[in-house]
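Me: I would like to learn how to read a fold, going from the whole chain down to a single helix. Could you take me through it step by step?

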Amino acid sequence: MIRTVTGDIADIDGPILAHEHLQIDLCCQKGPEVVLGEAEQDDVVNDLSKAMQHGLKAVVDLSVFGSGRNPAGLKKISMQAGLPVVCAAGFYWDPYPQVVFDSSVEVLRDILIRELTAGIEGTDIRGGVIKIGTDRGEIGVAAERVFQAAALASLATGAAVVTHTSAVEQAFWHLDTLRRAGMDPSRILISHMGAAHSVAQLIDVGRGGALMGIDKVGFIARRSNEELADLVHDACDAGLENQIILSSDVARKDRLLRHGGSSYSAVFVDFFPMLRERGVSAQQIEVMMCRNPKRLLNFASNII
Ligand SMILES: [Zn+2]
């Protein structure tokens, strides 16, 4: 079962962008460009429709409490585009919202469970995945509480956990903390692993079976698509294709088609040809785009 903003569905047959933002607001942290609000909803619908022409079958919005999550907006976008959208339960990390500092692990766990099973922010729209993260600073007790709460909410509901890393090395703490709280690494997606220096780092992080996101395709301010394609090729060569997901983490207005960006089509239009050129097979692409994200989004069936 996959939980979308318009209800639960049994299956998604085709490519899924597992790390995106359709609605986000990080203007306070990162400036006015890092906002996709109500004013951008029509552009987002348009850009999703274009990506659907290239095969997109579902998208995951990983905005959370504290970063401009808008479940009602996501539902509207989903219905207008005719595209399943999954939204996230969770707390932003840069900074953590006050509730994280004020609450016990159990209270935070129960907030997450409520977002996954009852609804988010006064709506009946439920989260389909848990999103948490750590900022660039030293990892402290607040992060520890959030990660433990996320693991417990995952165990209680069957939802997967997606983590934001601010540096590749943080992945080890993320995995260790979630595992110590009882999680199976195969239910964890570590984001932003395109920052890895080489495939050796991916092999290290992936040892326990966690999924890893090469999820900033098209965000060339960070790393070029060519560099990311080389990394994905090397990962596939090392047999990691069952643990890689590809996405583009659109979060800035200037990445929308209207402003000349490649938007939610970047993976399909710009990146697939680069992968094929490097010898990544169509079947490997299918595994990374369809099978892996579907496995992530499917609630562990023993629970809800
Ligand atoms: Zn993101």
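Reply: Let us begin with the inventory: the protein chain holds 11 helices and 12 strands, and please keep in mind that this is a predicted model.

Me: What radius of gyration would a compact globule with 304 residues have, and what does the protein chain have?

Reply: A compact globule with 304 residues would have a radius of gyration near 19 Å, and the protein chain, with 17 Å, agrees with that. Along the principal axes, its C-alpha atoms fill a box of roughly 50 × 40 × 40 Å, and 53% of the 304 residues count as buried.

Me: How should I read a single strand, and is β3 covered or open?

Reply: In a regular strand the side chains alternate between the two faces of the sheet. Strand β3, residues 16-20, is mostly covered, with 5 of its 5 residues buried. It runs parallel to strand β6 (residues 58-61), to which 3 bridges join it, and E20 has D61 as its bridge partner in β6.

Me: Which residues of helix α7 are buried, and why do they line one face?

Reply: An α-helix has 3.6 residues a turn, so residues three or four places apart point the same way. In α7 (residues 170-180), the buried residues are Q170, A171, H174, L175, T177 and L178. Seen down the axis of α7, these fall within an arc of 165 degrees, so they line one face of the helix. D176 and R180, on the other side of α7, are exposed.

Me: What do the buried residues of α7 pack against?

Reply: They pack against α6 (141-157), β9 (161-164), β10 (188-190) and α8 (199-205). Just after α7, G182 takes a positive phi of about 110 degrees.

Conventions. Residues are numbered from 1 along each chain as its sequence is written. This is a predicted model: local features need pLDDT of at least 70, side-chain atom pairs count only at pLDDT 80 or more; totals for chains, interfaces and linings use all residues. A residue is buried if 20 or more other C-beta atoms lie within 10 Å of its own, exposed if 12 or fewer, and partly exposed in between; C-beta atoms are placed from the backbone. Helices (H or I, at least four residues) and strands (E, at least two) are DSSP runs, numbered from the N terminus. Two strands pair if DSSP finds at least two bridges between them. The arc is that of the directions from the helix axis to the C-beta atoms. Two residues are in contact if their C-beta atoms, placed from the backbone, lie within 7 Å. The radius of gyration is taken over C-alpha atoms; the globule rule is 2.2 Å times the number of residues to the power 0.38.
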